[in-house]
Amino acid sequence: MVYTDLNTEIDVGSSGHLLEIGNFKALIDCGLHPKYMGLSALPNLSKITPETLDFIAITHTHLDHCGALPVVVRNQNHAHILVSDESSDLLLRMLRNSRAVMARQREEFDIKEYPLFDSSSIDALKPRILSMPFHHEKQFEIDGEKISITFTPSGHIPGASSILFEHKKQKILFSGDISFHSTGILKGAVPPEGKVDTLVVETTRGSYARPEGVSYESEVDRFVESVEHVLLGGGSVLIPSFALGRMQEIVFILQRAKQQKRIPDVPIFASGLGLDIAEYFIKGAKRSNTFSFGKQHMEGVKPFRDKIVPGQDFEKQGIYIFGSGMLVEHTPSYLAASAMIDNRANAIFFVGYADPDTPASRLQQTANGDQFAFKDLFYVGNVNCRVDKFDLTSHADREQTLQFIMEKDPRCVVLTHGSMESREWFMYEIIDRSPNTVVIIPEPSESIEL
């Protein structure tokens with residue numbers, strides 16, 4: 001068995017894993033790097049020989065895991081595209097949005113290769129997608145050789161999956177992005193039972209230990225109490241959120257808090273893709289037993305259509321849930337921050353992971369009263385508003401992930417999708433607890449015999 005990590009750097013980056021086992025060749029994920037644009041955002045597709053893939057399996061529909069799919073399939077016309085039943089429609093929606101964003105970026109940044117694919121390429125994917133129900137093993141045979149593939153819910157976002165490959169009594173499990181705690185709308189991961197031979201596992205939170213006594217539930221309570229404090233003080237709250245999964249979860253938390261009279265009944269404003277995805281969730285939840293989301297959760301949530309002017313606070317008090325979660329330049333949350341940052345009554349509350357190189361991370365590290373530059377907007381504001389972070393991540397804590405690894409008792413662990421610091425934390429812990437386990441931190445594009 002040969003494994004190749006196609007991400008071009010040791011970070012969360014553009015997820016892509018090439019697996020060669022027996023006569024089979026599979027690509028697990030093919031994402032776009034969230035920090036880069038143009039061809040540099042792609043994984044190293046040169047490692048994949050044209051027309052050799054049997055399977056392209058997608059763990060979930062965040063673009064750092066699926067965004068390069070239309071590019072990959074140009075040279076892989078016979079590969080089965082495998083995706084969880086709950087993600088199949090959403091996959092195409094996310095790719096269409098990605099193409100629209102790339103079309104705008106072509107004009108804004110003069111990126112001549114954008115968009116990387118056209119609408120017809122996305123449409124052509126639909127008949128090739130094979131939906132995989134959770135916990136249902138599907139067997140494939142090529143030239144008399146058999147392989148079984150099973151998708152199980154990984155709890156990260158609706159439809160997110162761990163993927164198990166079984167070939168000649170050898171079991172290889174790809175964790176995908178995984179979370180074990182349940183939220184208001186989504187059940188936690190239910191991995192396949194039993195031990196595996198090889199585990200390819202994400203390490204996103206390896207460098208962060210949740211403080212003792214702090215849990216997802218306690219962070220939700222602290223978040224609601226903080227929102228209440230700001231609103232009672234006459235301010236508004238900006239919550240930068242990922243459009244897929246996080247925005248809908250935050251809406252659920254706030255709507256429940258309103259019903260419980262824990263926060264004032266001010267308007268909730270949302271923007272763009274997150275509203276569209278909520279409609280997909282409402283439809284998808286009707287046939288799912290892993291997540292729930294209904295029309296009642298979106299009642300009173302208003303689309304935001306006003307013009308945003310740096311330094312000019314919003315006229316209406318409210319809760320503003322905008323993308324992106326990392327406050328990336330040229331996004332609604334970035335623009336909203338420039339408008340709200342000077343008002344002492346306001347708050348900007350982050351609810352997820354922020355890469356150190358993003359404006360979200362830089363703002364969190366800026367002291368209250370100091371200046372913060374929105375360079376591309378030619379605006380410098382004073383950080384007078386409250387800035388806080390709440391650990392509502394959709395990734396498992398490192399201790400939970402480590403326990404998961406120990407329970408699977410693999411002969412070999414491949415540490416991926418995280419910083420070097422995160423991967424090394426897991427490496428040392430695994431070696432200490434299970435000295436006979438082979439632990440691998442793959443170099444980008446390096447092929448490893450497992």
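## The largest cavity

The largest cavity is lined by 15 residues, and those that lie nearest its centre are Ser 15, His 17, Ser 175, Gly 176 and Thr 416. The model in which this cavity appears is a predicted one, and a search of the whole structure finds two cavities of 30 Å³ or more. The space in the largest cavity comes to about 80 Å³.

Two strands, β3 (24–30) and β11 (198–202), each supply at least two residues of the lining of the largest cavity, and β11 gives the most, with three residues. Sorted by class, the lining of the largest cavity has eight polar, four nonpolar and three charged residues.

## The second largest cavity

About 50 Å³ of space lies in the second largest cavity. Its lining is made up of Asp 5, Asn 7, Asp 11, Val 12, Ser 14, Ser 15, Gly 16, His 17, Thr 416, His 417 and Arg 423. Ser 15, His 17 and Thr 416 therefore appear in the linings of both cavities, since they are among the residues nearest the centre of the largest cavity and also line the second largest cavity, where Val 12 counts as nonpolar because Val belongs to that class. By class, the lining of the second largest cavity divides into seven polar, three charged and one nonpolar residue.

## The second largest pocket

Turning from cavities to pockets, the second largest pocket holds about 530 Å³ of space. It is lined by 25 residues, of which Ser 207, Tyr 208, Tyr 353, Ala 354 and Lys 389 are the closest to its centre. The elements that give two or more residues to this lining are α9 and α11 (420–433). By class, the lining of the second largest pocket has 11 polar, eight charged and six nonpolar residues.

## Helix α8 and its surroundings

Helix α8 (residues 332–340) is largely enclosed by the rest of the structure, because seven of its nine residues are buried. The buried residues of α8 are Ser 333, Tyr 334, Ala 336, Ala 337, Ser 338, Ala 339 and Met 340.

These buried residues of α8 pack against several strands and one helix: the strands are β12 (237–240), β15, β16, β17 (371–374) and β18 (379–382), and the helix is α9 (359–364). Helix α9 is also one of the elements that give two or more residues to the lining of the second largest pocket.

## Aromatic pairs

A pair of aromatic rings is described by the distance of the centres and the angle of the planes. A search of the whole structure finds 20 aromatic pairs. One of them joins Phe 304 and Phe 314 in a tilted arrangement, with 5.1 Å centre to centre and 50° between the planes. Both Phe 304 and Phe 314 lie in the loop between β14 (301–303) and β15 (319–322), so the pair ties together parts that are 10 residues apart in sequence. Phe 304 is buried, as is Phe 314.

A second example is the edge-to-face pair of Phe 349 and Phe 390, with 5.0 Å centre to centre and 80° between the planes. Because Phe 349 lies in strand β16 (residues 347–350) and Phe 390 in the loop between β19 (386–389) and α10 (398–408), this pair ties together parts that are 41 residues apart in sequence. Phe 349 counts as buried at 0% relative accessibility, and Phe 390 likewise counts as buried at 0% relative accessibility. Elsewhere, ring pairs link Phe 269, Phe 304, Phe 314, Tyr 320 and Phe 322 into a cluster.

Key: Residues are numbered from 1 along each chain as its sequence is written. This is a predicted model: local features need pLDDT of at least 70, side-chain atom pairs count only at pLDDT 80 or more; totals for chains, interfaces and linings use all residues. Side-chain values use heavy atoms; hydrogens and water are left out. Rings of Phe, Tyr and Trp (its six-membered ring) pair if their centres lie within 6.5 Å; planes under 30 degrees apart count as stacked, over 60 as edge-to-face and the rest as tilted. Helices (H or I, at least four residues) and strands (E, at least two) are DSSP runs, numbered from the N terminus. Buried means under 20% relative accessible area, exposed over 50%, partly exposed in between (1.4 Å probe, protein chains only). Contact means heavy atoms within 4.5 Å. On a 1 Å grid over the protein atoms alone, a cavity is a set of points where a 1.4 Å probe fits but cannot get out, and a pocket is an open set with protein on both sides within 12 Å along at least five of seven lines; lining residues have an atom within 4 Å of a point. Grid points are joined across faces, edges and corners, and a volume is the space filled by probe spheres set on the points.
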